[in-house]
Amino acid sequence: MIEQSAIKGTPATLDQINDFFTRRGWKRFSVDGAVAYFDPERRVVISDTHRGNIILMDDGLLAPIDLRVQTLSGALLDYVVKACRG
């Protein structure tokens, strides 16, 4: 069980995390074994999406705890676009 001051629940499964992002149009990619998600329209990456940072609450919603959000441009954007294509 994970508890934060306003969030109670259990760690989401990797499938639940992946489904949450990909059903909303985010592209999954991996760098050095760490999974992240890219929104190509907004050019935003969300990383640190491991089970300890996304909580499945009793109502079935997922709550983010400590995700990294970054807008991309230039060479970093090019790298992520290529990574998403596999």
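These questions and answers cover confidence, the nonpolar cores and the largest pocket of a predicted model.

Reader: Where in the chain is confidence highest?
Author: The model is predicted, so local features need pLDDT of at least 70 and side-chain atom pairs 80 or more, while totals for chains, interfaces and linings use all residues. Residues are numbered from 1 along each chain, and side-chain values use heavy atoms, without hydrogens and water. The mean pLDDT (the predictor's confidence in each residue, from 0 to 100) of the chain is 92. Strand β1 (residues 2–3) is lowest at a mean of 54, and the highest, at 98, is β5.

Reader: Which elements give two or more residues to the largest nonpolar core?
Author: A nonpolar core is a set of buried Ala, Val, Leu, Ile, Met, Phe, Trp, Tyr and Cys residues joined through side-chain atoms within 4.5 Å, where buried means under 20% relative accessible area with a 1.4 Å probe, protein chains only. Here eight residues take part: Ala 12, Ile 17, Phe 21, Trp 26, Tyr 37, Val 44, Ile 46 and Ile 54. The elements asked for are α1 (14–22) and β5 (44–47).

Reader: How many residues are in the second, separate core?
Author: Phe 29, Ala 36, Phe 38 and Leu 77 are among its members. The count for this second core is seven residues.

Reader: Which residues are closest to the centre of the largest pocket?
Author: The lining of the largest pocket divides into ten nonpolar, two polar and two charged residues. At least two lining residues come from each of β3 (27–31), β4 (34–39), β5, β8 (68–71) and α2 (74–85). Closest to the centre are Phe 29, Val 31, Ala 36, Val 45 and Ser 47.

Terms used
Buried < 20%, exposed > 50% of the residue type's maximum accessible area, 1.4 Å probe, protein only. Helix = DSSP H or I, 4+ residues; strand = E, 2+ residues; numbered from the N terminus. 1 Å grid on protein atoms, 1.4 Å probe; cavity = no way out; pocket = protein on both sides within 12 Å on 5 of 7 lines; lining within 4 Å. Nonpolar A, V, L, I, M, F, W, Y, C, P; charged D, E, K, R; others polar.
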